[in-house]
Amino acid sequence: MAHYAWLNQNNLVVNVTVGVDENVIQQGIGGSSEAWEAFYSNVTGYTIKRTSYNNNIRKQYAGIGYSYDPVADVFIAPQPYASWSLDNDFNWQPPTPIPDGRGWYWNEAEQVWLNATEL
């Protein structure tokens, strides 16, 4: 079973649905992701891109609110905090690295990591 992300005109994911596996051949539709993306795009009126739960294609599984970078052909998670920046691998990075250990969470107002186990 394949999953397909529906993109709006700003390349934001607005829906993700289950669709036909890319290797299925139907009359008039070849057996490839691109062929099924084109078919679903024609049917829905949206740009459709295949996504994978296993992160095998387009970096990561697309969720509603994710964006799609057509140049890099990847889905990008929403920015978790305004201070975080996107690195060259399309991962959001905090202004300071997370400390070692567990229980850390980011405090955007103070721009620091806090540990829930120390509260």
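1. Two residues are in contact here when they have heavy atoms within 4.5 Å of each other. The model under discussion is a predicted one, and the points below go from the whole chain to its cores and then to two individual residues.

2. The secondary structure consists of 1 helix and 9 strands, and from the N terminus on the order of these elements is β-β-α-β-β-β-β-β-β-β. The protein is more spread out than a compact globule, because its radius of gyration is 18 Å, well over the 14 Å that the globule rule gives for 119 residues. The extents of the C-alpha trace along the principal axes are about 60 × 25 × 25 Å.

3. Of the 119 residues in the protein, 29% are buried. The accessible surface comes to about 7500 Å², and carbon and sulfur atoms account for 50% of that area. When contacts between residues at least 6 apart in sequence are considered, 32% of them join residues at least 24 apart.

4. As to charge, the protein carries 5 positive and 12 negative side chains, and the centres of these two sets are 7 Å apart.

5. The largest nonpolar core is made up of 6 residues, namely Ala 5, Leu 7, Val 13, Ala 62, Tyr 68 and Phe 75. Separate from this is a second core of 5 residues, among them Tyr 4, Trp 36, Tyr 40 and Ile 48.

6. His 3 belongs to strand E1, which covers residues 2-7. Is His 3 buried or exposed? His 3 counts as buried, because its relative accessible area is 9% and the cut-off for burial is under 20%. Once the neighbours within four places in sequence are left aside, the contacts of His 3 are with Val 16, Thr 17, Val 18, Lys 49, Arg 50, Thr 51, Tyr 53 and Tyr 61.

7. Val 74 is found in strand E5, which covers residues 74-76. With a relative accessibility of 9%, Val 74 is likewise counted as buried. Which residues does Val 74 contact, leaving aside its neighbours within four places in sequence? They are Arg 58, Lys 59, Ser 67, Tyr 68, Asp 69 and Phe 90, and of these Tyr 68 is also listed in the largest nonpolar core. Val 74 and Ala 62, the latter being another residue of that core, are 12 residues apart in sequence, and their C-alpha atoms are 9.1 Å apart in space.

Terms used: Residues are numbered from 1 along each chain as its sequence is written. This is a predicted model: local features need pLDDT of at least 70, side-chain atom pairs count only at pLDDT 80 or more; totals for chains, interfaces and linings use all residues. Side-chain values use heavy atoms; hydrogens and water are left out. Helices (H or I, at least four residues) and strands (E, at least two) are DSSP runs, numbered from the N terminus. The radius of gyration is taken over C-alpha atoms; the globule rule is 2.2 Å times the number of residues to the power 0.38. Buried means under 20% relative accessible area, exposed over 50%, partly exposed in between (1.4 Å probe, protein chains only). Accessible areas come from the Shrake-Rupley method with a 1.4 Å probe; for residues, only the protein chains shown count as cover. Lys and Arg count as positive and Asp and Glu as negative; His and the chain ends are not counted. The place of a charge is taken as NZ of Lys, CZ of Arg, CG of Asp or CD of Glu. A nonpolar core is a set of buried Ala, Val, Leu, Ile, Met, Phe, Trp, Tyr and Cys residues joined through side-chain atoms within 4.5 Å.
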